[in-house]
Amino acid sequence: QVQLAESGGGLVQPGESLRLSCAASGNILSINTMAWYRQAPGQQRELVASITDAGNTRYADSVKGRATISTNSAKNTVYLQMNSLKPDDTAVYYCNVDLLTKRMSRLRPWGKGTLVTVSS
């Protein structure tokens, strides 16, 4: 069993910042990649940012320069710092983890999602 616990969403005004967190726990041997996706109403889910166990990061063009993805020292919690938020950033944000369980099964579980609303 693997659990992903997300937090940090909410209502913010344009130009403000927020930080999302996602903690992975359970029967985990190793984590390869941690990522944040988002899905706005009526749109497909899209990658926002990802980070590998080696620290390599990737960002969607729409958030480059405004978002920073990072992990804690144990590399089992991923953060997404979003600055200068825009109404277009309004979406449900999902955590996704590419991991290997202690039973040597590769899984890519999703979090339940956290809603971010950017509005004045």
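**Aromatic pairs**

I began with the aromatic rings of this predicted model, and a search of the whole structure gave me 2 aromatic pairs. In one of them, Tyr37 and Trp110, the ring centres are 4.9 Å apart and the planes meet at 65°, so I noted the pair as edge-to-face; the cut-off for that label is an angle over 60 degrees. I then looked up where these two residues sit, and the pair turned out to link distant parts of the chain, 73 residues apart. Tyr37 belongs to strand E4 (residues 28-39), whereas Trp110 is in the loop between strand E10 (106-107) and strand E11 (114-118).

Is Tyr37 buried or exposed? I found a relative accessible area of 17% for Tyr37, so I entered the residue as buried, since the limit for that word is under 20%. Trp110, with a relative accessible area of 40%, is partly exposed.

Trp110 appears again in an aromatic pair with Tyr94, and here the centres are 6.4 Å apart, with 85° between the planes, which is once more edge-to-face. Tyr94 lies in strand E9 (residues 91-101) and Trp110 in the loop between E10 and E11, so this pair ties together parts that are 16 residues apart in sequence. Tyr94 has a relative accessible area of 14% and is therefore buried. Putting the entries together, I wrote down that ring pairs link Tyr37, Tyr94 and Trp110 into a cluster.

**A charge over the rings**

Next I asked which residue lies over the face of Tyr94. This is Arg45, at 3.7 Å from the ring centre of Tyr94. The charged end of Arg45 also sits over the ring of Trp110, 4.5 Å from the centre of that ring.

**The strands behind the cluster**

I went back to the strands that carry the two tyrosines, and found that E4 and E9 pair in the antiparallel sense over 10 bridges. Within this pairing, Tyr37 stands opposite Tyr94 in E9.

E4 also pairs with strand E5 (residues 46-52), in the antiparallel sense and over 6 bridges. When I looked for the bridge partner of Arg38 in E5, I found Glu46. The hairpin of E4 and E5 has 6 residues between the strands, and in this hairpin Gly42 takes a positive phi near 75°.

**A cavity**

How many cavities of 30 Å³ or more does a search of the whole structure find? I recorded 1 such cavity, and for the largest cavity I noted about 50 Å³ of space. The lining is made of Ile31, Asn32, Thr33, Met34, Ile51, Thr52, Asp53, Thr71 and Lys75. The elements that give two or more residues to this lining are E4 and E5, and the largest share, 4 residues, comes from E4. Sorting the lining by class, I listed 3 nonpolar, 4 polar and 2 charged residues.

**One last residue**

Finally I looked up Thr57, which lies in strand E6 (residues 57-59). With a relative accessibility of 41%, Thr57 counts as partly exposed. I also compared its place with that of Ser70: the two residues are 13 residues apart in sequence, and their C-alpha atoms are 8.5 Å apart in space.

Methods. Residues are numbered from 1 along each chain as its sequence is written. This is a predicted model: local features need pLDDT of at least 70, side-chain atom pairs count only at pLDDT 80 or more; totals for chains, interfaces and linings use all residues. Side-chain values use heavy atoms; hydrogens and water are left out. Rings of Phe, Tyr and Trp (its six-membered ring) pair if their centres lie within 6.5 Å; planes under 30 degrees apart count as stacked, over 60 as edge-to-face and the rest as tilted. Buried means under 20% relative accessible area, exposed over 50%, partly exposed in between (1.4 Å probe, protein chains only). A charge sits over a ring if NZ of Lys or CZ of Arg is within 6 Å of the ring centre and within 35 degrees of the ring normal. Two strands pair if DSSP finds at least two bridges between them. On a 1 Å grid over the protein atoms alone, a cavity is a set of points where a 1.4 Å probe fits but cannot get out, and a pocket is an open set with protein on both sides within 12 Å along at least five of seven lines; lining residues have an atom within 4 Å of a point. Grid points are joined across faces, edges and corners, and a volume is the space filled by probe spheres set on the points. Ala, Val, Leu, Ile, Met, Phe, Trp, Tyr, Cys and Pro count as nonpolar, Asp, Glu, Lys and Arg as charged, and the others, Gly among them, as polar.
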